[in-house]
Amino acid sequence: MGQIDTNREQWGSRLGFILAAMGSAVGLGNIWRFSYVTGENGGAAFLLIYFFFIIFIGIPIVMAEFTIGKRAQSDVVGSFEELAPGKPWVLAGFMGVASAFIILSFYGVIAGWTVRYFIHYLTGGITVENDAQYVDVFLNFITNPLQPLLWQFLFMALTIGIVYVGVKKGIEKTNKILMPLLAILVIILAGYSLTLGGASDALSFLFTPDWSKLSDPNVYLAALGQAFFSLSLGMGALITYGSYLSKKEKLPGAAASVAALDTVFALIAGLMIFPAVFAFGIQPDEGPGLVFIALPSIFANMAYGTLFGGVFFFLLSAAALSSAVSLLEVAVAYFIRKFNWTRQKTTIIIGGIIFLIGVPSSLSQGNWSHITFFGAGILDSMDFIASNIFLPLGGLLIALFVGWGWKKSDALEASDFGDTLLGNAWIFILRYFAPIAIFIVFLASIGVF
Ligand code: PHE
Ligand code: NA
């Protein structure tokens, strides 16, 4: 401990790092999770709070993670041990590793569904007699005990394959081509979806707030969780990626562009999903199946729909893969150092364990649906605990660590802000605003007020 390992890999270029961070951020969170959580929380008011949290809590903590990683040049646990030896901050590191296990376990399940839908379209599309049957197709699939597990396994095997090969060769390349393609496709699909007849309902759902929702604390917790999940924030993915950055990179621009891209992606995904939801009479609060039900309706009605469907689910699977890679990398980077195993051995063991942890989440859609915690099934509970509790809590600790655990001048220098107005605003947010806001959201959601 203590000395910097000069043999750690580094990104091929500044662009490589930003692309990898973007690849981590953009994933199922922007399309699958964003649309169903927005749908469940009533649309516009949720969206407003979400944007607010992204700007005033998300981006500053993204900066904090990049800064920690770049300075410490270690994994999420090692970074805290390096920068604050013997201090309790390292707890945030362990929580990060735990979050990686939990999130990837169910992320692999949903990503498996995505791959399955890709294969559907590759092999001719989904045939139904009317749009309502897309629900049945979806439910038939996810309630089957074996099928979804096979796809989850396949997806996890791909994830393991990329992490096995290593940071530079594996992660950097995958993102360069496929992400821009996904962006273009989502824009085209949003354009088409807006012509289906549900546009005005969708736009008012997304942009005309029902202000009464602002008094529901759960909407705030959901928005906070979604902001963290979507930005890959609060569990050290961005610390780990920042640690592969050479010392000469400038961070604030990178943080802002990652957050902007991630948020624009989600917004356009919303413009793709919700017009179809309203046009085809789907319930916006349908839940985690929302995109798997709404999107097939779009493709069925579109010229070359099968082709578009295939390309879309392929690219979404690829986006999920680069996010999954970043999740696995958090755990793998830690265990490589911890046990002194090879990258290859670590990746297979940890990836395998995470697949197994995901099995109950998959089964919870069918045979195991009776197992619930506070009324939520296994998959939903995993998601809730990780996204709404662990990530914001991790983010809170990270904010406090950089805000209070570092000398201010150190933090400003390491962040590349220097002693500027923006830099001082950043420190203020990390010291006071972000921790207090997160704390209040937690208290409110357990009914303290
Ligand atoms: N941000 C990713 C997404 O939106 C998910 C993720 C969360 C990845 C946490 C890494 C860490 O899909
Ligand atoms: Na995201």
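## Aromatic pairs

Rings of Phe, Tyr and Trp (its six-membered ring) are taken to pair if their centres lie within 6.5 Å, with planes under 30 degrees apart counted as stacked, over 60 as edge-to-face and the rest as tilted. The structure, a predicted model, holds 36 aromatic pairs. One of them is the tilted pair of F52 and F56, at 4.9 Å centre to centre with 45 degrees between the planes. F52 and F56 both belong to helix α3 (residues 44-72), where they stand four residues apart, about one turn of the helix; helices here are DSSP runs (H or I, at least four residues), numbered from the N terminus. F52 is partly exposed at a relative accessible area of 38%, and F56 is partly exposed at 36%, where buried means under 20%, exposed over 50% and partly exposed in between (1.4 Å probe, protein chains only).

Y117 and F313 form another tilted pair, 5.4 Å centre to centre and with 50 degrees between the planes, which links distant parts of the chain, Y117 lying in helix α5 and F313 in helix α14, 196 residues apart. Both Y117 and F313 are buried, and ring pairs join these two with W113, Y121, F138, F292, F299 and F312 into a cluster.

## Sodium site

The sodium ion (ligand 2) has as its protein donors A25 (O), N30 (OD1), S230 (O), S230 (OG) and D262 (OD), at 2.1 to 2.6 Å; donors are N, O and S atoms within 2.8 Å of the metal (3.2 Å for Na, K and Ca), and water is not among the atoms, so sites may look incomplete. The angles among the six donor atoms run from 78 to 167 degrees and the site is octahedral, a term that requires opposite donors over 155 degrees apart and all others between 65 and 115.

Along the chain the donors follow the spacing A-x4-N-x199-S-x31-D. N30 in helix α2 (residues 28-40) and S230 in helix α10 (residues 217-230) are 200 residues apart, and this pair links distant parts of the chain. N30 counts as buried because its relative accessibility is 0%, and S230 is likewise buried, at 1%.

## Basis of the values

Residues are numbered from 1 along each chain as its sequence is written, while chains are lettered from A and ligands numbered from 1 in the order in which they are written. Local features need pLDDT of at least 70 and side-chain atom pairs count only at pLDDT 80 or more, whereas totals for chains, interfaces and linings use all residues, and side-chain values use heavy atoms, with hydrogens and water left out.

Methods: Four donors count as tetrahedral if all angles lie between 85 and 135 degrees; four count as square planar and six as octahedral if opposite donors are over 155 degrees apart and all others between 65 and 115; anything else is irregular. Helices (H or I, at least four residues) and strands (E, at least two) are DSSP runs, numbered from the N terminus.
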